[in-house]
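User: I am new to this structure and would like a close look at a single part of it. Please take one helix and describe how it packs against its neighbours.

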Amino acid sequence: MLQKQKKLQIKKIRTTKNSCINYNPFSYHLLMMWGDFFMTSSTAKRKTKASINENSEAKQYAIAILKGFAFGTASLFILFSICSFKMVRLDYTEKSVPIMALVSAMLAAFLGGYGAARCIRKKGLMIGVFTSIPLVIVITSFVAIANGGTISSLTVTAILLMIIMSGFGGVVSVNKKIKK
């Protein structure tokens with residue numbers, strides 16, 4: 001009787017072409033629950049390569065977003081400088097400052113989204129929106145510092161328009177045809 005039980009417990013079942021594992025009821029249930037731990041080496045290599053590709057794709061997205069953020073921030077400061085120069089030279093009133101700041105922020109967000117999506121050439125809307133988030137944080141912190149910690153409705157409008165324009169810049173960048 002004991003020998004029959006041992007023979008039943010120690011069976012070989014095929015999991016892949018070239019590998020076998022010893023079978024007993026406990027290891028079978030473990031195999032069913034924790035199948036990834038009992039993979040053969042060739043399957044484990046494939047899983048590892050897939051996770052490496054996912055990590056490298058995530059790194060590409062992060063680098064593109066950082067490049068777009070840097071491009072958007074640089075263009076924001078350049079646009080602010082141009083607007084301030086125009087205001088001094090052409091004697092604009094103080095009422096035109098928020099409008100010029102809003103237009104500059106929207107253009108900078110568009111350029112940031114465009115630059116970020118240009119690096120990857122896919123998922124332009126997502127890349128553009130994610131690029132606008134750090135840019136929005138920078139502008140909101142500048143506005144809060146300048147206004148003594150208060151944020152007006154114009155700032156909220158500017159934030160929403162920046163997110164929209166950055167996403168639009170990403171879409172335009174992805175859909176732009178490459179000249180050959």
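**Helix 5 and its neighbours**

Analyst: T140 is buried, with a relative accessible area of 18%, which falls under the 20% cut-off for that class. T140 belongs to helix 5, and that helix is the part described here. The model is a predicted one.

Some background on the whole chain comes first. The protein chain holds six helices and two strands. Read from the N terminus, its elements follow the order α-β-β-α-α-α-α-α. The chain has 180 residues, and 27% of them count as buried. Its accessible surface is about 12900 Å², with 68% of that belonging to carbon and sulfur atoms. Among contacts with a separation of 6 or more, 67% are between residues 24 or more positions apart.

Two packed helices are described by the angle between their axes and the distance between the axes. Both values are available for helix 5 with each of two partners, helix 6 and helix 4.

Take helix 6 as the starting partner. Helix 5 covers residues 124-146 and helix 6 covers residues 153-175. The two pack at an angle of about 150°, and their axes lie 7 Å apart. Helix 5 is therefore roughly antiparallel to helix 6, since angles over 145 degrees fall in that class. Their crossing is right-handed.

On the helix 5 side, the residues that meet helix 6 are G124, L125, G128, V129, T131, S132, L135, V136, I139, T140 and V143. On the helix 6 side they are T155, I159, M162, I163, S166, G167, G170, V171 and V174. By type, the residues of this contact comprise 11 nonpolar, nine polar and no charged.

T140 can now be placed in that list, as one of the helix 5 residues that meet helix 6. Setting aside residues up to four places away in sequence, T140 touches I151 and I159. I159 is itself among the helix 6 residues in the contact.

The other partner is helix 4, which spans residues 97-120. Helix 4 and helix 5 pack at an angle of about 135°, with 8 Å between their axes. The two helices are therefore oblique to each other. This crossing, too, is right-handed.

From helix 4, the residues A105, A108, A109, G112, G113, A116, A117 and I120 take part. They meet G124, I127, G128, T131, L135 and I139 of helix 5. The residues of this contact divide into nine nonpolar, five polar and no charged. G124, G128, T131, L135 and I139 appear in the contacts of helix 5 with both helix 6 and helix 4.

F130 also lies in helix 5. Whereas T140 is buried, F130 is partly exposed, with a relative accessible area of 43%. F130 and G68 are 62 residues apart along the chain, and their C-alpha atoms are separated by 9.6 Å.

One further residue brings in helix 3. L79 is found in helix 3, which runs over residues 41-90. At 19% relative accessibility, L79 counts as buried. Apart from its neighbours within four places in sequence, L79 is in contact with S104, L107 and A108. A108 is also one of the helix 4 residues that meet helix 5. L79 and V103 stand 24 residues apart in sequence, with 9.0 Å between their C-alpha atoms.

Methods
Residues numbered from 1 in each chain as written. Predicted model: local features only at pLDDT ≥ 70, side-chain atom pairs only at ≥ 80, totals over all residues. Heavy atoms only, no water. Axes fitted to C-alpha atoms, helices over the stretch in contact; angles between N-to-C directions. Parallel < 35°, antiparallel > 145°, perpendicular 65-115°, else oblique. Left-handed = near helix turned anticlockwise from the far one by under 90°. Contact = heavy atoms within 4.5 Å. Nonpolar A, V, L, I, M, F, W, Y, C, P; charged D, E, K, R; others polar. Buried < 20%, exposed > 50% of the residue type's maximum accessible area, 1.4 Å probe, protein only. Areas by Shrake-Rupley, 256 points an atom, 1.4 Å probe, with all protein chains shown as cover.
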